[in-house]
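User: Please give a close account of one part of this model, and set it in the context of its surroundings.

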Amino acid sequence: MTTGRTPPPLLGGERETLRSFLDFHRATLAMKCEGLTDEQLRRRSMPPSALSLLGLVRHMAEVERTWFRRVIDAEDVPLVWSAEGDYQVAYDAAGATRAEAFGAWEAEVAHARRVEREVASLDVTGYQPRWGEHVSLRLVMHHVIHEYARHNGHADLLREGIDGTVGV
């Protein structure tokens with residue numbers, strides 16, 4: 001996955017703009033991890049939190065998988081790191097490597113892009129069992145952008161704590 005960021009279009013249509021913001025945030029997370037060793041990527045924020053950059057990458061792989069593959073595409077696939085459906089497992093990156101985490105994340109991003117492009121409209125719905133509701137692709141894209149935006153803020157703080165790098 002390239003870590004170069006393309007800004008969203010200033011005058012794009014709704015779907016193009018959502019797609020661009022999502023890719024912008026994906027690239028931001030990748031940028032926050034650039035140039036770090038596996039050990040640095042696993043470094044936890046502060047006890048007792050298990051939050052780390054690698055944990056965030058693993059978590060976002062689960063987010064992409066859940067919302068695009070499981071909800072919109074109705075694929076019957078388990079989570080990447082927990083067959084029991086425990087979303088917290090992804091945050092524990094104690095034994096994880098960059099190759100493992102980024103490999104899974106990049107694969108899920110590729111699946112998500114395929115699903116989004118094949119769906120006819122932002123109004124197409126999928127079932128979100130945790131909410132017991134049908135949700136539109138529009139909501140899914142907004143929700144995943146929201147997830148990245150929140151976690152990229154965490155990534156900013158984590159990266160600064162690792163080597164002092166700030167900004168994007």
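Where does Arg-5 lie with respect to helix 1? Then, as the main subject, which elements give two or more residues to the lining of the largest pocket?

Analyst: This is a predicted model, in which local features need pLDDT of at least 70, side-chain atom pairs count only at pLDDT 80 or more, and totals for chains, interfaces and linings use all residues. Residues are numbered from 1 along each chain as its sequence is written, and side-chain values use heavy atoms, without hydrogens or water.

Arg-5 lies in the segment before helix 1 (helices are DSSP runs of H or I with at least four residues, numbered from the N terminus). With a relative accessibility of 26%, Arg-5 counts as partly exposed (buried is under 20%, exposed over 50%, partly exposed in between, with a 1.4 Å probe and protein chains only). Its C-alpha atom is separated by 9.7 Å from that of Ala-30, 25 residues apart along the chain. Leu-137 of helix 5 is buried, at 0% relative accessible area; its C-alpha atom and that of Ala-30 are 24 Å from each other, with the two positions 107 residues apart along the chain.

The largest pocket has a volume of about 250 Å³ (a pocket is an open set of points on a 1 Å grid with protein on both sides within 12 Å along at least five of seven lines; a cavity is a set where a 1.4 Å probe fits but cannot get out; lining residues have an atom within 4 Å of a point). Volume here is the space filled by probe spheres set on the points, joined across faces, edges and corners. The elements giving two or more residues to this lining are helix 3 (53-72) and helix 5 (137-163), and helix 3 contributes the most, with 4 residues. Among the lining residues are His-59, Val-63, Thr-66, Trp-67, His-143, Glu-147 and Arg-150. By class the lining has 4 nonpolar, 5 polar and 3 charged residues (nonpolar: Ala, Val, Leu, Ile, Met, Phe, Trp, Tyr, Cys and Pro; charged: Asp, Glu, Lys and Arg; polar: the others, Gly among them).

Helix 3 and helix 5 also pack on each other. Their axes come within 10 Å and cross at roughly 175° (lines fitted to C-alpha atoms over the stretch in contact, with angles from 0 to 180 degrees between N-to-C directions). The two helices are therefore roughly antiparallel (over 145 degrees; under 35 is roughly parallel, 65 to 115 roughly perpendicular, the rest oblique). Their contact has 16 nonpolar, 4 polar and 3 charged residues.

The largest nonpolar core has 43 residues, with Trp-67, Phe-68, Val-144 and Tyr-148 among those having the most contacts inside it (a core is a set of buried Ala, Val, Leu, Ile, Met, Phe, Trp, Tyr and Cys joined through side-chain atoms within 4.5 Å). Helix 1 (14-33), helix 3, helix 4 (98-118) and helix 5 each supply at least two of its residues, and helix 3 gives the most, with 11. Trp-67 thus belongs both to this core and to the pocket lining.

Phe-68 also lines the largest cavity, together with Arg-19, Leu-22, Arg-26, Ala-112, Arg-113, Glu-116 and Met-141. This cavity has a volume of about 40 Å³, and its lining divides into 4 nonpolar, no polar and 4 charged residues. Helix 1 and helix 4 each supply at least two of them.

In the loop between helix 3 and helix 4 lies Ala-74, whose phi is near 55°, a positive value in a residue other than glycine. Ala-74 is exposed, with a relative accessible area of 61%.
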